[in-house]
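The exercises below concern salt bridges, a chain interface and cysteine pairs. Each task is followed by a solution that proceeds step by step.

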Amino acid sequence: MATDRNEAWREELRKAKSPKERTAQPRVQMNSLDPKYRARCREEVNQGLTAEQAVAEASRCMDCPNPACMTGCPVSINIPGFIKNIERGEFLQAADVLKETSALPAVCGRVCPQEKQCESQCMYVKMKKEPVAIGYLERFAADYARENGTKKADSNIKKNGIKIAVVGSGPAGLSFAGDMIKKGYDVTVFEALHEIGGVLKYGIPEFRLPNRVVEAEIDNLRDLGVVFIKNCIVGKTITVDELKADGFKGIFVASGAGLPRFMGIEGENLTGIMSSNEYLTRVNLMDAGNPDTDTPVLKGKKVVVVGGGNTAMDSVRTALRMGAERAIIVYRRSEEEMPARIEEVHHAKEEGVEFMTLHNPIQYIGDENGRVTKVRLQKMELGEPDASGRRSPVEIPGAIEEVECDEVIVSIGVSPNPIVPNSVAGLSVSKKGTIEVNEGMQSSIPMLFAGGDIVRGGATVILAMGDGRRAAAAMDEYLKK
Amino acid sequence: MSKIVSKEFFSENVVKLEVEAPLIARSRKAGHFVIVRVDANGERIPLTIADSDTEKGTITLVIQKIGASSTKITNLNVGDELLDVVGPLGKATHIDKFGTVVCSGGGVGVAPLLPIIKAMKAAGNKVISVLAARTKDLVILEEQVREYSDEVVIMTDDGSYGKAGRVTDGIEEIAKREKVDLCVTIGPAIMMKFVSLLTKKYDIPTVASLNTIMVDGTGMCGACRITVGGKTKFVCVDGPEFDAHQVDFDEMLMRLGAYREQEQEAKAKLAK
């Protein structure tokens, strides 16, 4: 086993360097493209680590007997197990360790908020040092395997002949599909859009997560036998009852975040104002920035993006790449409360994005054609902590500012997609419209499980993947009974 | 992939296509629409389903050349394929026995109106259809509409066929003559706006089927949002049919123009 801590090679590796030597090394810096260059093109910002950098970084890991990092991982990746394989130069084995628990390691290595998860638990943090770059190493191993590994036809899976349906091909659905196909089920994934990948395709931009990386992960699942059906909306094109009648014994609903939220302020329906979902879908899924495609996209010169999450950062950085001269984040709290990954905020700043924190839009003003020209902003200050534990923004009376803009992207979250919840009789749904599930992600209808944003209402790729894993384990138990 | 099994020109710019889509043909109802992507570079465009044949597994779509993708679709021939067809989307029309129902359609709006006319007739309503077009050649589906209507009024702007005048003139004549319990209107936004203003005057409940800009068509993007009764609604999931008297048509007209420049550029490029 490549993950057994007591294997001889691993014990030797631990002895090869003293803890002092290990901790004396500085954390590796990610190689990235020059901000001026990258802000005007679609190329991936982070270029990954070289093998030498990866091995050196891996040697910082102390191979703790009780690795706390693993408790911070929603899919419980054997973190020291893969890192020590990198340290000894067995990169493909490192990737195999990742694949045991994660269907999408090359994706997670790029988009997970590691600083809040695995890396936040690293013992280096307790020593007041920078944690091992677990995310960079994960990406390194997954990329290495994709570029150098030989595809293994997986003949070891013993099929059990039980048909399982997955609704939605985003991170929750893919993670679930990967686990269930390995358990021997016949897995069919139904996707509403014309591309497989969900938010990984329509949402996260090319410069942060290239489509070829997502495609490779999907191909892996296809090679394992997962069947993908595009342009098929469960609840519309076919119903849950029809799936049952077709012999599907279990259904996992991972239909994701549906309706984008707007603020409901004056002028919000002026043209030039859109949701981040619309903007990113046009650019990412429809490739609207490419002159050869038919889908239009507004290429604003002064673009305001409202929100402080990863999607807001993706939108504002996309605006730069679409030719914006000014790209401004407007966020009602301070930078400290921003939910975006630190790296995204850092990258956005490097690329020239302006940050207007403690500002909140209260009105949009348009020209005679109904096109947005200005946004009125209320200045805020921080008050007492609110339900989210973050200090809540409070208006400063009379402190109002106007900013000129010709495009506004509203990125303040999403509500769950109502299609499946509305189409299944007897399904227990919360007031917010999310599907209610138990710890095993099982809904009020025993054969129907759910996970990802349709349950959480708006979360991260890795939490969705964790849901997929848990649902797979629980559905397997349920179907074995 | 959805194969085109028949094609008919209604006019130079309007084409009727019958395409293979067995699952959609089976599950669709009057008022539903599909999203179509013609090829890998195509835009996702919403098209209301005009008819379906469950035995043949086909749906009927009527397409007008507007932008690059719709032009490409109208250029396809029998045997060619549409890359993606997804649906049925939106809420189905509320069909009931209302009494006298005026179904008013302008231009290609008559195509999505046809299944509603059929369903309203089948539900036992007296159906009066008012079809309007600029000129005689642009009146479409007249024969099929007649088959399911108790009365058909045709209005042309230039008087080349039926009566001279607008769709509103035709509706007003009926409203003056008899009690109308419901009006259904489908056509250009500007037409629906004026139908709505007229029926409000006569206190006739009115349903308009809106064709806004969409991307995914499943509620995800919000490109189709409009204001109904002071609240923002998404045409793709809350509609496409709304109480016309509550719709802010001026805002809708403005929003329809959001990408007009880009549309014209793309179409000009395609023509080269």
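The following exercises refer to this predicted model.

**Exercise 1. Salt bridges between distant parts of chain A**

Task: Determine how far apart in sequence Asp63(A) and Arg10(A) lie, and state whether the two residues are buried or exposed.

Solution.
- Step 1. The pair has to meet the cut-off, a side-chain nitrogen within 4 Å of a carboxyl oxygen. Asp63(A) and Arg10(A) form a salt bridge, with 2.9 Å between the closest N and O atoms.
- Step 2. Asp63(A) belongs to the loop between α4 (51–58) and α5 (79–87) of chain A, while Arg10(A) belongs to helix α1 (residues 8–16) of chain A, so the pair ties together parts that are 53 residues apart in sequence.
- Step 3. Asp63(A) and Arg10(A) are both buried.
- Step 4. A second case is the salt bridge of Arg27(A) with Glu119(A), where the closest N and O atoms are 3.0 Å apart. This pair links distant parts of the chain, 92 residues apart: Arg27(A) is in the loop between α2 (19–24) and β1 (31–32) of chain A, and Glu119(A) is in helix α8 (residues 118–121) of chain A. Both Arg27(A) and Glu119(A) are buried.
- Step 5. The whole structure contains 59 salt bridges over all chains.

**Exercise 2. A salt bridge within one helix**

Task: Establish where Asp467(A) and Arg470(A) lie relative to each other, and classify the exposure of Asp467(A) and of Arg470(A).

Solution.
- Step 1. A salt bridge joins the side chains of Asp467(A) and Arg470(A), at 3.1 Å from N to O.
- Step 2. Both residues are in helix α20 (residues 461–480) of chain A; because they are three residues apart there, about one helical turn separates them.
- Step 3. Asp467(A) has a relative accessible area of 0% and is therefore buried. For Arg470(A) the value is 38%, so this residue is partly exposed.

**Exercise 3. The side of chain B that touches chain A**

Task: Describe the contact between chain B and chain A by its residues, its buried area and its polar pairs.

Solution.
- Step 1. Chain B contributes 43 residues to the contact and chain A contributes 41 residues.
- Step 2. About 3400 Å² is buried between the two chains, and carbon and sulfur atoms give 54% of this area. Met220(B), Arg225(B) and Tyr259(B) supply 21% of the area that chain B buries against chain A, more than any other three residues.
- Step 3. Between chain B and chain A there are 22 residue pairs in polar contact, both residues at pLDDT 80 or more. The largest share of the side of chain B that touches chain A is that of β7(B), with six residues. By type, this side of chain B has 19 nonpolar, 13 polar and eleven charged residues.
- Step 4. The count of salt bridges between chain B and chain A is two. Lys72(B) forms a salt bridge with Asp294(A), in which the closest N and O atoms are 2.8 Å apart.

**Exercise 4. Cysteine pairs**

Task: Explain why the sulfur of Cys108(A) forms no bond with that of Cys112(A), and treat Cys221(B) in the same manner.

Solution.
- Step 1. The cut-off for a disulfide is a pair of cysteine sulfur atoms within 2.5 Å.
- Step 2. The cysteine sulfur closest to that of Cys108(A) is in Cys112(A), at 4.2 Å, and is therefore too far for a bond. Cys108(A) is buried, at 1% relative accessibility.
- Step 3. For Cys221(B), the closest cysteine sulfur is in Cys224(B), at 6.1 Å, which is also too far for a bond. Cys221(B) is buried, at 3% relative accessibility.
- Step 4. The count over all chains is zero disulfides.

Conventions:
Residues numbered from 1 in each chain as written. Chains lettered and ligands numbered in written order. Predicted model: local features only at pLDDT ≥ 70, side-chain atom pairs only at ≥ 80, totals over all residues. Heavy atoms only, no water. Helix = DSSP H or I, 4+ residues; strand = E, 2+ residues; numbered from the N terminus. Buried < 20%, exposed > 50% of the residue type's maximum accessible area, 1.4 Å probe, protein only. Contact = heavy atoms within 4.5 Å. Buried area = accessible area lost by both parts, 1.4 Å probe. Polar contact = N/O pair within 3.5 Å; in protein donor to acceptor, adjacent residues only side chain to side chain. Nonpolar A, V, L, I, M, F, W, Y, C, P; charged D, E, K, R; others polar.
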